[in-house]
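Good morning, and thank you for coming. I would ask everyone to look at the model on the screen while I go through its local features.

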Amino acid sequence: MTITNLRDDISYTLLKKIDETNSNQTPHEVNFTNSDFDGRDLTLDSLEQHLEYLTLNEYINADVTGNNAPESFTLKDAELTEKGQYLLKRLGEKYSPAKESQAVSIDDKDMPFLEKVMIYGDIPDLFDARDITEVVFRVMRDLMTTEASDRVAEELHEEILETKDKALQMEIADLWKDTNPIVGFLSRVRPPWQGPGIFKIDDDRFLFRVANEGGMPPERDREQVVKAVFSATKDELSAERIQEIASWLPGKVRQLWETA
């Protein structure tokens, strides 16, 4: 099935009811009726696409049964994954009442690093947020001396996320140094990519590398994503390191850093 025309409001409804009916945090049966979707014009094909997307991307675990109509269907052994819980939280901020949204924004600075990147950058997946962050860091390091890069790494010892998922259990410094050991090594031994006779990473090249090396979907705003990584990173750094990084960045990218 080709998955197209996904709607956040439908995904939010599916995730929210699975979460609300999961009192003991175990796989359980969830019954949906048309009233759960507030009378939205929801076809069977559209419903199947949303469920397939949420399942294939590991936001939910569930077996689907029903009467082949969107008006009534059941999910058996349904549960949200950790990724699904974060997606629900992100969508909840979009659809919650204004007072709740304001309360969330007040505590933004206290959110885990990777969650900030995901929310600020409008990235639905924690793993995509991790991978894109690593690429942004990689391009930043390519502009800096090894000594400057090491000074930044010394201040990035917070965890990227509080999680039980071993694939996400790391410090921000691990992403800064690069989880690919070969890339990390090359980054340390070659000179900065700027200066006389050396290829310079200008604004366009910086954003191009982030979009392509990070596997960013074409509908994502490159500048928004970069600014999200910048904002989350600045929350972890001293004023001295923030200023030092700014001195290495090209014009427009430096503006994104300074306004993040």
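Let me begin with a question: is Tyr59 buried or exposed? At a relative accessibility of 1%, Tyr59 is buried, because the cut-off for that class is under 20%. Please keep in mind throughout that this is a predicted model.

A few words on the whole chain. It has 260 residues, and 45% of them count as buried. The secondary structure consists of 13 helices and 3 strands. If we take contacts between residues at least 6 apart in sequence, 68% join residues that are at least 24 apart.

I turn now to the aromatic residues. The count of aromatic pairs comes to 5. One of these is formed by Tyr53 and Tyr59, with 5.9 Å from centre to centre and 35° between the planes, a tilted arrangement. Tyr53 has a relative accessible area of 21%, so this residue is classed as partly exposed, the limit for buried being under 20%. Tyr59, as I said, is buried.

Phe137 and Trp176 form an edge-to-face pair, with centres 5.1 Å apart and planes at 65°. This pair links distant parts of the chain: Phe137 belongs to helix H6, residues 126-142, and Trp176 to helix H8, residues 172-177, with the two positions 39 residues apart in sequence. Both Phe137 and Trp176 are buried. Ring pairs also bring in Phe113, giving a cluster of Phe113, Phe137 and Trp176.

Charged groups come next. Tyr59 appears again here, as the charged end of Lys83 sits over its ring, 5.2 Å from the centre. In a second case, Lys234 lies over the face of Trp257, and the distance to the ring centre is 5.7 Å.

Next, helix packing. Two packed helices are described by the angle between their axes and by the distance between the axes. For helix H10, residues 203-213, and helix H11, residues 222-234, the axes come within 10 Å and cross at roughly 85°. H10 is therefore roughly perpendicular to H11. Which residues of H10 and H11 make the contact? On the H10 side they are Asp204, Phe206, Leu207, Phe208, Val210 and Ala211, and on the H11 side Arg222, Glu223, Val226 and Phe230. By class, this contact of H10 with H11 has 7 nonpolar and 3 charged residues, and no polar ones.

Staying with helix H11, I would point to Ser231, which is located there. Its relative accessible area is 17%, so Ser231 counts as buried. Leaving aside residues up to four places away in sequence, Ser231 touches Tyr120 and Ala260.

Finally, I draw your attention to two backbone positions. Asp77 is not a glycine, yet has a positive phi of about 50°. Asp77 is found in strand E3, residues 72-80, and its relative accessibility of 47% makes Asp77 partly exposed. Where does Asp122 lie? Asp122 is in the loop between helix H5, residues 113-120, and H6. The phi of Asp122 is also positive, near 55°, in a residue other than glycine. With 34% relative accessibility, Asp122 counts as partly exposed.

That concludes my presentation, and I would be glad to take your questions.

Note on methods:
Residues are numbered from 1 along each chain as its sequence is written. This is a predicted model: local features need pLDDT of at least 70, side-chain atom pairs count only at pLDDT 80 or more; totals for chains, interfaces and linings use all residues. Side-chain values use heavy atoms; hydrogens and water are left out. Rings of Phe, Tyr and Trp (its six-membered ring) pair if their centres lie within 6.5 Å; planes under 30 degrees apart count as stacked, over 60 as edge-to-face and the rest as tilted. Buried means under 20% relative accessible area, exposed over 50%, partly exposed in between (1.4 Å probe, protein chains only). Helices (H or I, at least four residues) and strands (E, at least two) are DSSP runs, numbered from the N terminus. A charge sits over a ring if NZ of Lys or CZ of Arg is within 6 Å of the ring centre and within 35 degrees of the ring normal. Axes are lines fitted to C-alpha atoms, for helices over the stretch in contact, and angles run from 0 to 180 degrees between N-to-C directions. Angles under 35 degrees count as roughly parallel, over 145 as roughly antiparallel, 65 to 115 as roughly perpendicular and the rest as oblique. Contact means heavy atoms within 4.5 Å. Ala, Val, Leu, Ile, Met, Phe, Trp, Tyr, Cys and Pro count as nonpolar, Asp, Glu, Lys and Arg as charged, and the others, Gly among them, as polar.
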